[in-house]
Amino acid sequence: MNNYEFTNQWFEKTAKPLWSQIINQSKPEKILEIGSYEGASTCYLIDTLSRHHDAFEINAIDTWDGGIEHKEIKINMQLVEERFKKNTSLAIKKSKKSIELITHKAKSINALSNLITSKKSGYFDFIYIDGSHMASDVLSDAILSFELLKINGIMGFDDYLWKMPNSNNLLTNPKIAIDSFTNIFALRSAIFQTPNHQLYIKKLN
Ligand SMILES: C[S@@+](CC[C@H](N)C(=O)[O-])C[C@H]1O[C@@H](n2cnc3c(N)ncnc32)[C@H](O)[C@@H]1O
């Protein structure tokens with residue numbers, strides 16, 4: 001029993017089946033995650049990569065203010081942030097490896113721009129984009145993250161097929177942004193075949 005406190009199964013149902021292959025095969029050492037919420041994906045990375053490395057670094061970006069999809073259901077984001085801190089502290093303590101967990105409590109556009117100006121271009125082995133679902137935010141997350149990704153690094157998007165409930169506005173969904181990004185960066189990336197609501201690319205040049 002790991003005693004983590006997660007209130008949903010988003011990560012369990014979508015990313016985990018794919019990460020059990022992608023993360024165990026690519027064994028990234030420098031990881032960037034946009035959208036950490038309660039730390040389900042972060043704790044999986046800590047638990048899994050502790051079996052492969054003595055030391056690694058995870059950068060977690062989140063406003064801990066929720067996205068448009070959280071506004072109507074009125075989630076207490078302060079409690080979400082507290083659970084992130086508690087869950088990740090537990091994972092690090094359990095791991096006994098040297099883990100640098102750097103949290104950036106900021107809008108992703110600002111945190112990603114800061115990482116670029118801090119000379120982190122081409123630095124990360126694995127980047128996971130699961131922050132804002134607004135198309136304009138997903139597009140800027142994708143473009144700035146790609147700059148931060150190493151050649152042969154892997155970048156994944158959650159919620160490729162997610163739709164804002166009760167809305168026909170394409171601009172509130174990630175898909176149009178992910179499609180635009182993969183089309184425009186087609187000569188610099190290769191899309192992985194994945195079976196469900198996610199999409200992964202490898203940076204070629
Ligand atoms: C779907 S949750 C992430 C789930 C997490 N990856 C998991 O697997 O459990 C999305 C998160 O993105 C954050 N978020 C939304 N818009 C953001 C933005 N513009 N910049 C940074 N974080 C944002 C929210 O606060 C929320 O915690």
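Leaving aside neighbours within four places in sequence, which residues is Met 155 in contact with?

**Basis.** This is a predicted model, in which local features need pLDDT of at least 70, side-chain atom pairs count only at pLDDT 80 or more, and totals for chains, interfaces and linings use all residues. Residues are numbered from 1 along each chain as its sequence is written.

**Exercise 1.** List the contacts of Met 155 and place this residue in the core.

*Solution.* Two residues are in contact if their C-beta atoms, placed from the backbone, lie within 7 Å. With that sequence exclusion, the partners of Met 155 are Ile 127, Ile 129, Ser 145, Phe 146, Leu 149, Tyr 200 and Ile 201. Next, the largest nonpolar core has 45 residues, and Met 155 is among those that touch the most other members, as are Ile 127 and Ile 129. Such a core is a set of buried Ala, Val, Leu, Ile, Met, Phe, Trp, Tyr and Cys residues joined through C-beta atoms within 7 Å.

**Exercise 2.** Decide whether α3 is enclosed or open.

*Solution.* Helices are DSSP runs (H or I, at least four residues), numbered from the N terminus. A residue is buried if 20 or more other C-beta atoms lie within 10 Å of its own. Seven of the 10 residues of α3 are buried, so α3 is largely enclosed by the rest of the structure. Ala 40, Cys 43 and Leu 49 are among them.

**Exercise 3.** Describe how α2 packs on α3.

*Solution.* From α2, Ala 15, Lys 16, Trp 19, Ile 23 and Asn 24 meet Ser 41, Tyr 44, Leu 45 and Thr 48 of α3.

Methods: Buried ≥ 20, exposed ≤ 12 C-beta atoms within 10 Å, placed from the backbone. Helix = DSSP H or I, 4+ residues; strand = E, 2+ residues; numbered from the N terminus.
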